[in-house]
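Please read the following report alongside the sequence and the coordinates. It moves from single loop residues to the overall fold, the core and the packing of helices.

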Amino acid sequence: MDQEEEVRRAQEGDEEAFIHLVKRLELQMYNVAKSIVKKDEDCADAMQETVLKAYKAISTLHSPYFFKTWLFRILINECNLILRKRAQNITMAELPQRQTVSTEVEAIDLREAVYRLEEVSRTIIILHYFQDLPLQQIADIMELSESAVKTRLHRARKTLYGWLADPSERKVNA
């Protein structure tokens with residue numbers, strides 16, 4: 001049975017069809033969530049919330065063809081929500097010490113630099129380079145035009161290049 005037929009069955013209330021749809025995408029969902037939130041427990045939370053929201057709202061999906069795009073959009077929103085909550089919950093003990101500027105060049109990891117990008121740019125970089133999604137699919141997931149995705153991708157690469165070439169510039173957001 002093809003995906004579109006399974007989505008139609010799930011929309012009509014067939015729980016087994018919905019479970020099969022999610023199981024088929026489970027590894028991809030985990031990889032996207034892991035690349036955004038990093039922590040396994042946050043991945044599990046994001047995936048659980050995504051599946052729950054998708055199950056409750058599958059009847060609102062207009063075109064079964066876009067099930068995967070729709071599901072990943074929910075997942076990305078859940079991951080970003082977790083990141084925002086995590087950022088709000090920094091305790092005083094976790095606040096970084098004020099760093100003195102040193103003359104020696106600091107090494108910066110590419111993944112660390114990517115995670116310092118603003119939310120939309122970070123998500124586009126992760127989906128394109130870490131998950132190998134084509135620009136059109138990223139545009140669909142992010143609800144942006146393909147040209148907007150290309151522009152943000154270009155700006156994010158430029159920012160990353162600047163940070164990696166000169167680590168003192170990494171405090172600036174893309």
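Where is Lys-38 found? In this predicted model, Lys-38 lies in the loop between α2 and α3.

## Positive phi outside glycine

Lys-38 has a phi near 70°, a positive value in a residue other than glycine. With a relative accessible area of 43%, Lys-38 is partly exposed.

Glu-143 is likewise not a glycine, and its phi is positive at about 60°. Its place is in the loop between α7 and α8, where it follows α7, and a relative accessibility of 66% makes Glu-143 count as exposed.

## Overall fold

The protein chain contains eight helices and zero strands, and from the N terminus on its elements therefore read α-α-α-α-α-α-α-α. Of its 174 residues, 37% count as buried. Among the contacts in the chain with a separation of 6 or more, 64% are accounted for by residues 24 or more positions apart.

## The nonpolar core

In soluble globular proteins, nonpolar side chains tend to be buried together. Here the largest nonpolar core has 47 residues, and those with the most contacts inside it are Ile-36, Phe-67, Leu-75, Leu-127 and Ile-138. The elements that contribute two or more residues to this core are α1 (3-11), α2 (15-37), α3 (40-57), α4 (67-88), α5 (110-115), α6 (119-130), α7 (135-142) and α8 (146-165).

Leu-75 illustrates how such a residue is surrounded: once its neighbours within four places in sequence are left aside, Leu-75 is in contact with Met-29, Val-32, Ala-33, Ala-46, Met-47 and Thr-50.

What is the burial of α7? Six of the eight residues of α7 are buried, so this helix is largely enclosed by the rest of the structure. The buried residues in α7 are Leu-135, Gln-137, Ile-138, Ala-139, Ile-141 and Met-142, and of these Ile-138 also belongs to the group with the most contacts inside the largest core.

## Packing of α6 against α8

Two packed helices are described by the angle between their axes and the distance between the axes. The axes of α6 and α8 come within 9 Å and cross at roughly 95°, which means that α6 is roughly perpendicular to α8. The residues of this contact divide into eight nonpolar, two polar and two charged. From α6, the residues taking part are Val-120, Ser-121, Ile-124, Ile-125, His-128 and Tyr-129, and they meet Val-149, Arg-152, Leu-153, Ala-156, Arg-157 and Leu-160 in α8.

Two C-alpha separations add detail to this region. Arg-155, whose place is in helix α8, counts as exposed at 53% relative accessibility; its C-alpha atom is separated by 8.2 Å from that of Ser-121, although the two residues are 34 residues apart along the chain. Glu-118, found in the loop between α5 and α6, is partly exposed with a relative accessible area of 24%, and it lies 9.0 Å from Ala-156, C-alpha to C-alpha, with their positions 38 residues apart in sequence.

## Phe-130 in α6

Phe-130 has its place in helix α6 and is partly exposed, with a relative accessible area of 25%. Leaving aside neighbours within four places in sequence, Phe-130 is in contact with Ser-35, Arg-111, Val-114 and Ile-125. Phe-130 and Val-32 are 98 residues apart in sequence, yet their C-alpha atoms are 8.3 Å apart in space; Val-32 is also one of the residues in contact with Leu-75.

## Cysteines

How many disulfides does a search of the whole structure find? The search finds zero. Cys-43 is in no disulfide, and the nearest cysteine sulfur, that of Cys-79, is 6.6 Å away.

Why is there no bond between Cys-79 and Cys-43? The sulfur of Cys-79 has its closest cysteine sulfur in Cys-43, and because the 6.6 Å between them is too far for a bond, none is assigned; a disulfide would need the sulfur atoms to be within 2.5 Å. Both residues are nevertheless buried, Cys-43 with a relative accessible area of 1% and Cys-79 at 0% relative accessibility.

Definitions and conventions:
Residues are numbered from 1 along each chain as its sequence is written. This is a predicted model: local features need pLDDT of at least 70, side-chain atom pairs count only at pLDDT 80 or more; totals for chains, interfaces and linings use all residues. Side-chain values use heavy atoms; hydrogens and water are left out. A nonpolar core is a set of buried Ala, Val, Leu, Ile, Met, Phe, Trp, Tyr and Cys residues joined through side-chain atoms within 4.5 Å. Buried means under 20% relative accessible area, exposed over 50%, partly exposed in between (1.4 Å probe, protein chains only). Helices (H or I, at least four residues) and strands (E, at least two) are DSSP runs, numbered from the N terminus. Contact means heavy atoms within 4.5 Å. Axes are lines fitted to C-alpha atoms, for helices over the stretch in contact, and angles run from 0 to 180 degrees between N-to-C directions. Angles under 35 degrees count as roughly parallel, over 145 as roughly antiparallel, 65 to 115 as roughly perpendicular and the rest as oblique. Ala, Val, Leu, Ile, Met, Phe, Trp, Tyr, Cys and Pro count as nonpolar, Asp, Glu, Lys and Arg as charged, and the others, Gly among them, as polar.
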